[in-house]
Amino acid sequence: MTIKTPVFELTRREMLAAAPALAAAAPALATGKDADMLEMSAVSLAASLRRRDLSARELMLAHWARVDALNPRFTAIVSRIDRDAALKQAAKADEDAVAGRFHGILHGFPHAVKDTAPTKGIASTQGSPLLRNNIPTTDSLVVARMRDAGAIFVGKTNVPEFALGSHSYNPLFGTTRNAFDPRKSAGGSTGGGAVALALRMVPLADGSDFGGSLRNPAGWNNVFGFRPSWGRVPSIPNSDLFWQNFATSGPMARSVADVALLMSVQAGPDPRAPFAQMDDPANFAQPLDRSWKGRRIGWLGDLGGALAMEPGVMQTCVKALAAFRAIGMTVDEAGLSESAEAMWRTAVTLRHWSVGADLQGFYDDPAKRAQLKPEAIWEVEGGMKLTGPQLAKASEGRTRIYEAFRKAFETFDFLAMPTAQVFPFDIAQHWPREIAGKTMDSYHRWMEVTLPPTMAGLPTLAIPAGFGGRDGLPMGIQLIGPRNADLAVLQLGHAYEQASPWIARTRPSALR
């Protein structure tokens with residue numbers, strides 16, 4: 001049955017509800033040229049810097065001032081470097097530009113790296129006191145690629161402790177607050193990146209994703225986050241290149257074109273990654289326009305009622321599907337042959353094993369174990385109980401999940417479902433304990449909706465769906481494509497964005 005959806009357009013009342021007034025007076029923000037720079041897309045900034053219409057130094061100053069003005073309230077960026085050191089790097093980028101030495105497409109961009117990624121010379125803590133003084137001497141591969149492309153690293157973006165959970169709080173830096181309502185969660189684990197983007201503290205953000213870490217915070221902050229096909233952005237360093245193939249790095253931005261720009265930097269093979277995709281990453285930097293007339297999207301929604309959803313989530317997402325109809329596509333109900341409960345059991349088992357192995361060394365030391373949060377201990381102890389036959393059964397389950405998606409793609413070109421099962425919740429709450437009367441039995445059960453695409457290793461783009469629920473807060477949609485159809489997913493997301501002008505118009509109240 002075809003889903004009938006009205007044309008999506010935010011009313012004035014919805015716009016006001018989406019951006020509640022802050023109790024404290026807003027700080028003075030940039031005006032004039034500085035404000036214009038902060039609103040520019042990354043694509044436009046890259047072109048302007050190359051033409052030398054803008055300098056890296058003035059770009060750095062504008063973004064630095066924005067962070068000074070808003071970061072104390074939102075805690076998006078942490079471990080900032082010295083301001084003079086940042087300006088010195090920007091001045092060097094300008095000198096190189098004058099001499100015609102452009103380092104890459106991100107030449108002169110101020111950038112804060114997600115605090116899970118090793119970054120040379122900058123504290124890389126993963127939000128844990130155990131890594132408070134961890135200052136790497138080398139970059140991870142994705143960080144090295146951004147540095148080589150000309151990015152200037154000014155600090156890190158905040159995360160949950162060890163990136164566990166989709167609420168970015170930790171004992172080192174505190175809680176990242178939602179860009180549209182600082183009383184609410186920003187999501188996670190790329191919560192700091194999403195808020196920094198939404199508040200124009202950085203032009204682009206990088207992140208990583210296992211259980212929705214690039215998807216949920218994007219949906220909750222009205223930006224775009226992309227989980228690539230596994231292997232598209234190689235994970236180096238990695239102690240296990242063959243079995244640990246769940247988490248992947250990826251880009252986040254305020255437009256799909258900007259997402260694709262950063263993908264062109266992050267993606268590409270590496271001899272140390274045996275399953276890396278071999279496609280030329282420059283393909284992502286090409287224009288994204290194409291026709292979608294006659295193509296089909298399957299709406300997975302709440303998996304036939306199997307997933308508990310806060311009132312308003314489904315309505316907000318279904319309303320947004322009208323944009324796909326506006327570009328000539330059909331949207332129909334869809335389902336998967338593997339049950340939601342079976343997919344959950346598979347995901348929990350494999351996550352226990354994967355996350356537990358990563359944290360085992362901390363757990364084995366009683367003094368360090370005492371500093372781990374309960375969710376981390378739960379993952380390690382869950383992994384320690386697993387047997388070989390249980391892991392084999394879970395691997396078979398993952399195969400069935402992939403096959404369920406493959407079968408669905410025989411009927412549909414793309415699939416879609418919400419980015420989360422609840423709207424942003426109160427920052428004092430560690431995680432939702434129940435949804436619509438259904439008890440959540442783990443710290444990530446409320447994010448169950450993101451795990452099937454992860455288990456299948458599929459390219460998934462989080463796109464803003466609109467604002468809803470009791471408080472008029474942001475929600476997103478996961479746009480899922482077949483294996484390795486990363487470019488097609490971005491092209492479709494771009495078309496959706498062009499048919500949804502409200503996305504670019506809707507800004508956090510802190511920017512007004």
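These legends go with several views of a predicted model.

**View 1. The whole protein, from end to end.**
Start with the full fold: the protein has 18 helices and 17 strands. Its C-alpha trace spans about 60 × 55 × 50 Å along the principal axes. For 512 residues, a compact globule would have a radius of gyration near 24 Å, and the protein comes in at 21 Å, which agrees.

**View 2. Inside the fold.**
Here we look at what is covered up and what touches what. Of the 512 residues, 62% count as buried. Take the contacts with a separation of 6 or more: residues 24 or more positions apart account for 77% of them.

**View 3. The outer surface and its charges.**
The protein exposes about 19,300 Å². Carbon and sulfur atoms supply 53% of that area. As for charge, there are 55 positive and 49 negative ones, and their mean positions sit 2 Å apart.

**View 4. Close-up on S140, its place in the chain.**
S140 belongs to the loop that runs between β2 (110-114) and α6 (141-148). Is this loop residue buried or exposed? S140 counts as buried, because its relative accessibility is 5% and the cut-off for buried is under 20%.

**View 5. Close-up on S140, its contacts.**
Now for the company S140 keeps. Set aside the neighbours within four places in sequence, and S140 is in contact with A117, P118, I236 and P237. Two of these names, P118 and P237, are prolines. To place this view in the chain again, S140 is in the loop between β2 and α6.

Conventions:
Residues are numbered from 1 along each chain as its sequence is written. This is a predicted model: local features need pLDDT of at least 70, side-chain atom pairs count only at pLDDT 80 or more; totals for chains, interfaces and linings use all residues. Side-chain values use heavy atoms; hydrogens and water are left out. Helices (H or I, at least four residues) and strands (E, at least two) are DSSP runs, numbered from the N terminus. Buried means under 20% relative accessible area, exposed over 50%, partly exposed in between (1.4 Å probe, protein chains only). Contact means heavy atoms within 4.5 Å. The radius of gyration is taken over C-alpha atoms; the globule rule is 2.2 Å times the number of residues to the power 0.38. Accessible areas come from the Shrake-Rupley method with a 1.4 Å probe; for residues, only the protein chains shown count as cover. Lys and Arg count as positive and Asp and Glu as negative; His and the chain ends are not counted. The place of a charge is taken as NZ of Lys, CZ of Arg, CG of Asp or CD of Glu.
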